[in-house]
Amino acid sequence: MGGPALAPGARYASTTSIALAEGWSVERLTPPSRLFGANGLRTGPDGRIYVAQVSGSTISALDTATGEIETISAKGGDIVAPDDIAFDPAGNLYATEYYDGRVSVRGPDGSTRLLRDDLPGANGITVYQGRLFVNECRVGGRLMELPLDGGAPRILVDNLPLPNAMEVGPDGYLYYPVMGTNDIWRIDPEGGEPERVVGDLAGPDSVKFDPNGNIVSTQAGSGQVLRIDPRTGDRRVLANLAPGLDNCTFIGDRLYVSNFTGEITEILASGETSTTLPGGLSWPLDLTVGPDGVLYIADGTHLYALRSGTPEALGMLFTPNYPGPIRGVIATGTDEFLVSTAAGTVAVYRPAKEETEVLADGIDQPYGIATGSDGRIVVTEFGAAGRVLALRAGQVETLASGLNQPVGVAFGPDDAVLVAESGAGRVVSIVNGKVDTLVDGLQTPHGLLVRGGQLLVVDAGSKDLISVDLGTKTRQTLASNLPVGAPPGVTAKPLLGVQPFSGPQGPFTGITAGPDGTVYVSADAEGSVLALRAEA
């Protein structure tokens, strides 16, 4: 069977910037993403939609009239993993930084200062009459007012299960969704007892108000956008979209909704929808080809099958029993995947059955995962111990420790375990507990692929795909200037994570091959998947 089919004419972007060895060609199977996810939305003083992108560590401004996107806060800058944003009357932009537990403020002149760094899961944010309110989207989260001088928070509500994007209504009450209980509450900003407004929702993760004073709320789990009367709780479905909705905003009476995929949709008064910005991959990590010849993509919050050139979501963060943000993935059978997750687990995931079977947990940042002919499952542990672990029959064995940020892993000849030691710029071989250098002089090796007597290494630092003959150790650069890793001149800042949902999150450039020999690489720098082929 061949690799995934493409839709007719599906050539999405120029590939001239990628340099190839003679006899090789490259094709983008998915279009580069215009946004790396779309989380918090807020209409700015200039009438543009400001978009917070957690996975991209970026804030962008979208002009809906022209489609132009301007980067306001870039990856590698002072604001890390922004989740939601708000403006004060002076034009200052406030951003919650979900994974780092921070709130920062960016002035109209572009200067940035940190307001607080002790708010784990900082998420929902709004400004009301010059006052700043923030909540923490975590179990046991708080809703609070933050003094603008960075002083101690004033807690309004404590011990909330996953509050999210909020807004003050026309009645002067602060309305906030609680995802853990699927309802919306309100409270007087001066304090007092909170009041439940409406319940039995489907993952409500935002509250905004339309010009008539009605609540508009996105439902992450169902993909519905609801209009809710705050006086009676009566609701009406404005649109049925894909699950993974995150936030919404108005420009006048025009309603726009965001999705984790980076899609922004306008919901028209007629009930029809219009795509303002198409979605795409937000953070492609590992790749695998299944027994059916289909390419599967671990995209953090989503697991996709790539058929006919269009990613098809098999599961996502709000699907029942989703294993958590997926880093490493291997298709082990029909509807069965072996995954490593940002939650520190190795698991078997069966999306059609909505089942996850945890094989091991408590791993400090697992990344690459591989299976050997002897039935072993091997996973790298990127964290401080720098271990390579083997799982078999419910037992966990340490094959090596003290490695410098191990990421990719593969089995070589005779079931030797090959590991990309990204922090040391080398690939090592592990046999009977002995660690030997196999390939050195690399910058930041990530994904590994063994096929025949060749080892393919994606070096995310040098942005090269390198082939190494395992017999002679002869090297050849198959492709260079790949859109992988951080942009040139940028040092990406790690996302610290929010327990127990996710540990620290970082990049992982995955690689796999199809039965026809096509090599697939996750181009995380642009949110696409590349297919590289050796010409006959």
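A residue counts as partly exposed when its relative accessible area falls between the buried limit, under 20%, and the exposed limit, over 50%. The model on display is predicted, and the tour below begins with a residue to which that definition applies.

**Stop 1: Arg196 and Asp183**

Select arginine 196, which has a relative accessibility of 43% and therefore counts as partly exposed. Add aspartate 183 to the selection: the two side chains meet in a salt bridge, with 3.1 Å from N to O. Colour strand S18 (residues 195–198), which holds arginine 196, and strand S17 (residues 183–187), which holds aspartate 183; the pair therefore ties together parts that are 13 residues apart in sequence. Is aspartate 183 buried or exposed? Its relative accessible area is 4%, so aspartate 183 is buried.

**Stop 2: Glu145, Arg131 and a network**

Move next to glutamate 145 and arginine 131, which form a salt bridge whose closest N and O atoms are 3.0 Å apart. Glutamate 145 belongs to strand S13 (residues 139–146) and arginine 131 to strand S12 (residues 131–136), so this contact links parts that are 14 residues apart in sequence. Glutamate 145 counts as buried because its relative accessibility is 14%. Now extend the selection to Arg154 and Glu190: salt bridges that share partners join Arg131, Glu145, Arg154 and Glu190 into one network.

**Stop 3: Arg533 and Glu27**

Select arginine 533 together with glutamate 27. The closest N and O atoms of this salt bridge are 2.8 Å apart. How many residues apart in sequence are the parts that the pair ties together? Arginine 533 lies in strand S49 (residues 528–534) and glutamate 27 in strand S2 (residues 24–28), so the parts are 506 residues apart. With 26% relative accessibility, arginine 533 counts as partly exposed, whereas glutamate 27, at 8%, counts as buried. To display every such contact in the model, expect a count of 26 salt bridges.

**Stop 4: the four-strand sheet S35 to S38**

Show residues of strands S35, S36, S37 and S38, which form an open sheet in that order with antiparallel pairing. The edges are strand S35 (366–371) and strand S38 (395–400), each of which pairs on one side only. Neighbouring strands of this sheet are turned by 25° against each other on average, with direction ignored.

Look first at strand S36 (residues 377–381) and strand S37 (residues 387–392), which are joined in the antiparallel sense by five bridges. Which residue in S37 is the bridge partner of glutamate 381? The partner is arginine 387. The hairpin of S36 and S37 has five residues between the strands, and glycine 386 there takes a positive phi near 55°.

Then follow the chain into S38. Strands S37 and S38 also pair in the antiparallel sense, over five bridges, and leucine 391 has valine 396 in S38 as its bridge partner. Two residues separate S37 and S38 in their hairpin, where alanine 393 in the turn has a positive phi of about 55°.

**Stop 5: the four-strand sheet S39 to S42**

Another open sheet of four strands has the order S39-S40-S41-S42, again with antiparallel pairing. Strand S39 (406–411) and strand S42 (434–439) are the edge strands, each pairing on one side only. The twist from one strand to the next averages 30°. Within this sheet, select strand S41 (residues 426–431): five bridges join S41 to S42, and the two run antiparallel. One place to zoom in is valine 427, whose bridge partner in S42 is valine 439.

**Stop 6: the pockets**

Switch to a surface view. Rolling a probe the size of a water molecule over the atoms shows where empty space is left.

To find the largest pocket, centre the view on Tyr98, Tyr99, Thr301, Leu317 and Phe318, which of its 39 lining residues lie nearest its centre. The largest pocket has a volume of about 840 Å³. Colouring its lining by residue class gives 21 nonpolar, 14 polar and four charged residues.

For the second largest pocket, select Phe382, Ala492, Pro494, Gly506 and Pro507, the residues nearest its centre among the 28 that line it. Its volume is about 600 Å³. How do the residues of the lining of the second largest pocket divide into nonpolar, polar and charged? The division is 12 nonpolar, 13 polar and three charged.

Technical notes
Residues are numbered from 1 along each chain as its sequence is written. This is a predicted model: local features need pLDDT of at least 70, side-chain atom pairs count only at pLDDT 80 or more; totals for chains, interfaces and linings use all residues. Side-chain values use heavy atoms; hydrogens and water are left out. A salt bridge is a side-chain nitrogen of Lys or Arg within 4 Å of a carboxyl oxygen of Asp or Glu. Buried means under 20% relative accessible area, exposed over 50%, partly exposed in between (1.4 Å probe, protein chains only). On a 1 Å grid over the protein atoms alone, a cavity is a set of points where a 1.4 Å probe fits but cannot get out, and a pocket is an open set with protein on both sides within 12 Å along at least five of seven lines; lining residues have an atom within 4 Å of a point. Grid points are joined across faces, edges and corners, and a volume is the space filled by probe spheres set on the points. Ala, Val, Leu, Ile, Met, Phe, Trp, Tyr, Cys and Pro count as nonpolar, Asp, Glu, Lys and Arg as charged, and the others, Gly among them, as polar. Two strands pair if DSSP finds at least two bridges between them. Axes are lines fitted to C-alpha atoms, for helices over the stretch in contact, and angles run from 0 to 180 degrees between N-to-C directions.
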